[in-house]
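Biologist: I would like to learn how to read a structure. Can we take one feature at a time?

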Amino acid sequence: MIELLAAKTGIAPPVMWALGGTYAILAIASAITWLLHVRSGGGHGELVARVKSWWIMVTVFAAAVFVYEPLSAAFLGLISYLALKEYISMIPTRRIDRLVLLAAYLAVPVQFWLAYQAQFGHFMVFIPVWMFLLMPAVMAMSGETVGYLKSVGTLSWGLMMTVFTLSHMAYLLFSGDAANPVAGGAGLLFFLVFVAQFNDVAQYTWGKLFGRHKITPAVSPKKTWEGFLGGVFTSIALAAVIGPFLTPMDAGWSALAGGIIAGAGFLGDITESAVKRDLGVKDAGALIPGHGGILDRIDSLTYAAPVFTHFFRYFYFP
Amino acid sequence: MTKALRWLFYAVFVRLVVLLIMGLNIRGRNNLPAKGPAIIVANHNSHLDTLVLISLLPLSLLPHVQPVAAVDYFLKTKWLAWFALNIIGILPIDRAAGGNPLAAPRKALEDGKILILFPEGSRGEPEQMAELKRGVALLVKECPTVPVTPVFMHGLGKSLPKGTKIFVPFICDIFVGEALSWSGNSRAFMDRLRQSMDALAKLGQFPPWE
C-alpha cells in the first residue's frame, strides 16, 4: 500500500515509508495523551492540543513539500515569511525603516526562487552579502542616526535567522537526486526535519522525566543536562536507523549527523529563548495551538538546517 | 451587483490580506456581537482598522455592518465616494452640515445594524490613543439598550499609518472587551469606555515604534 501511494503521489518510496512511520508514532502519542487525559479526569489540555497540532503540521508539511515542487518552494518560503513576520512584530522598530522592512520581506521570495532554480551560488550570497550590504546603506541614506546601529543589527540578524538559515531546507530539497541517489532531496529534507523535531520532543520528554541539572537557568530554565543528553542519544539512535534508508550515509555517518542536528537544534532553541527573554515575551506568536508561534516550533531548525546542510555538503556532495 | 462586489471584497481580498499576509492575534473574540443592533468601538490608527474589524465578524453579518465615517474625507472624489459607500459600506456622517448628525446612525441601529465607531475621530499619530469624543455617548443615550463592545487594536498603525501608501506586514493584536451598556450619564459612560480601552491596551506588550 505504501508503494502504491508513493507511485500515485510521486513521493520517493523511502520517504513514503518514513511518513507512514511518522503517522504510526503520532498514533501512539495520541493514544498515550488520550490515556493521560482520561486518567487525570480531563487534564493535560495543552499536551492534547500539542499532539493534535502535530497531526496537522505533519500532514500539511508532507502534502505541501513532497508532492509538487513549485508548491514546496512556495510553502517553505511561506514558513520563512511567517517566521520573519513574527520576528519583526516582536522587536522594536523605527518608523523610518518601513521601506527596509518591506525589502526584508521581499528577500523571501527571491531566496526561495533561487533555491527552486538550483542557483546555489547566488543562493549562498544573496542575503549574507547583498541584503547585508543593502539594508544598512538604505538606512543610512534615510538620514536618521538615532537607533541606527540597533536597527541594522536586529534586522540583519533577524533576516539571517528566519530566512537565510531556514531556506537551507529548500537547498536540501532542490539539491535533488544528484546529491542523494537513495531518496532524492526529499529524503535529505525529511531526515533533517524529522530528526530535529523528534529531538525537540525527546529533549522535552527526557527533561520532564529526569531533568535536574540546569544548563542555562537565566535563558531557558527548563533546559537540563539530562534532557539535552537524553535527546542527543535518542536522536543519534533514531538517525542511525533511518539515515541509511533516506540518505547516502551509512549508519555511522547518520548517527554522527543525528548528533550534530541534535546539538545544533539545542543551540537554535536557546538563542531564540534568549531573544524572547530579552524582549520579555513568552511566545513569538499564537499560530499553532499548544506550541505558540511558528518561530517557537522551528527555532531548532534555524541552527540545525544550515549546520546539517553544510556538514552533508562537505562530505557527500558530488 | 455592488452587494456581490462588496461580498467578494470582504470574503476574498480582505480575508487573504488580513489572515495570510498580516496575521491576527485575537483575544476575547466571543465578546463580539453575534447580531445587531450593536456598536463596536475601537481605537483608530489606520485605514485597515475598519477592514480588519469587519473581517472578524462572520460573513453572514456583512450586510448588517456599517462603519461610521466622515463625509468630508470619504466623499471627496467621485471614485472614493463610490468605493466608500458601496464596497466598504460606510454610513456617512456630515460633520459640517447642520441638522442632527446622530439621526442616521440612530436610524441604522433601529434597523438592527452593527455600527463601527472610532471615537478618537481621526487616525492621528500611529499607535497612540487620542482623547475619545463624546459622540458615541450621545448616540447610546438615544438608544440605551444597544450594547457597546470595546476593541483595542495594535499593529495596523505600523502596517499602514496615516500619510503613507506603502503597506508593510506586521502581526495585528486585537483585544475585544465585554460589552458596556448605558448607565444613564454620558460622562460616566465615557469614563467606563476609556477605562475599558486602557485595560484592553494593557493586555498586550507592544514593542516600541520610534
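Biologist: How many residue pairs are in polar contact across the interface of chain A and chain B?

Modeller: One note before the count: this is a predicted model. Across that interface, 9 residue pairs are in polar contact, with both residues at pLDDT 80 or more.

Biologist: Which helices of chain A each supply at least two residues of the side that touches chain B?

Modeller: They are α4 (69-90) and α5 (98-116) of chain A. The largest share comes from α4(A), with 8 residues.

Biologist: How do the residues on that side of chain A divide into nonpolar, polar and charged?

Modeller: There are 15 nonpolar, 3 polar and 5 charged residues.

Biologist: How many residues does the contact take from each chain?

Modeller: Chain A gives 23 residues, and chain B gives 23 residues. Together the two chains bury about 1,800 Å². Carbon and sulfur atoms carry 55% of that area.

Biologist: Now to charges. How many salt bridges are there between chain A and chain B?

Modeller: Start with the general idea. Side chains of opposite charge can pair when their charged atoms come close. Between chain A and chain B, the count is 0 salt bridges. Over all chains, the count comes to 10 salt bridges.

Biologist: Which residue forms a salt bridge with K223(A)?

Modeller: D269(A) does. The closest N and O atoms of this pair are 3.5 Å apart. That falls inside the cut-off, since a salt bridge needs such atoms within 4 Å. The pair links distant parts of the chain, 46 residues apart. K223(A) sits in the loop between α9 (184-210) and α10 (225-246) of chain A, while D269(A) is in helix α11 of chain A.

Biologist: Let us move to the sheet. In what order do the strands of chain B run?

Modeller: The order is β1-β7-β6-β2-β5-β3-β4. These 7 strands form an open sheet with mixed pairing. Its edge strands are β1 (24-27) and β4 (91-93) of chain B, and each pairs on one side only. From one strand to the next, the twist averages 25°.

Biologist: In which sense do β2 and β6 of chain B pair?

Modeller: They pair in the parallel sense, over 4 bridges. Strand β2(B) covers residues 38-42, and β6(B) covers residues 148-154. For V41(B), the bridge partner in β6(B) is P150(B).

Biologist: Which helices of chain B pack on the sheet?

Modeller: Helix α2 (residues 48-56) of chain B is one of them, and its direction makes about 120° with that of β6(B). Among the strands α2(B) touches are β1, β2 and β7 (172-176) of chain B. Helix α5 (residues 103-110) of chain B also packs on the sheet, touching β2, β3, β4 and β5 of chain B. The direction of α5(B) makes about 155° with that of β4(B).

Technical notes: Residues numbered from 1 in each chain as written. Chains lettered and ligands numbered in written order. Predicted model: local features only at pLDDT ≥ 70, side-chain atom pairs only at ≥ 80, totals over all residues. Heavy atoms only, no water. Contact = heavy atoms within 4.5 Å. Buried area = accessible area lost by both parts, 1.4 Å probe. Salt bridge = Lys/Arg side-chain N within 4 Å of Asp/Glu carboxyl O. Polar contact = N/O pair within 3.5 Å; in protein donor to acceptor, adjacent residues only side chain to side chain. Nonpolar A, V, L, I, M, F, W, Y, C, P; charged D, E, K, R; others polar. Pairing = 2+ DSSP bridges. Axes fitted to C-alpha atoms, helices over the stretch in contact; angles between N-to-C directions.
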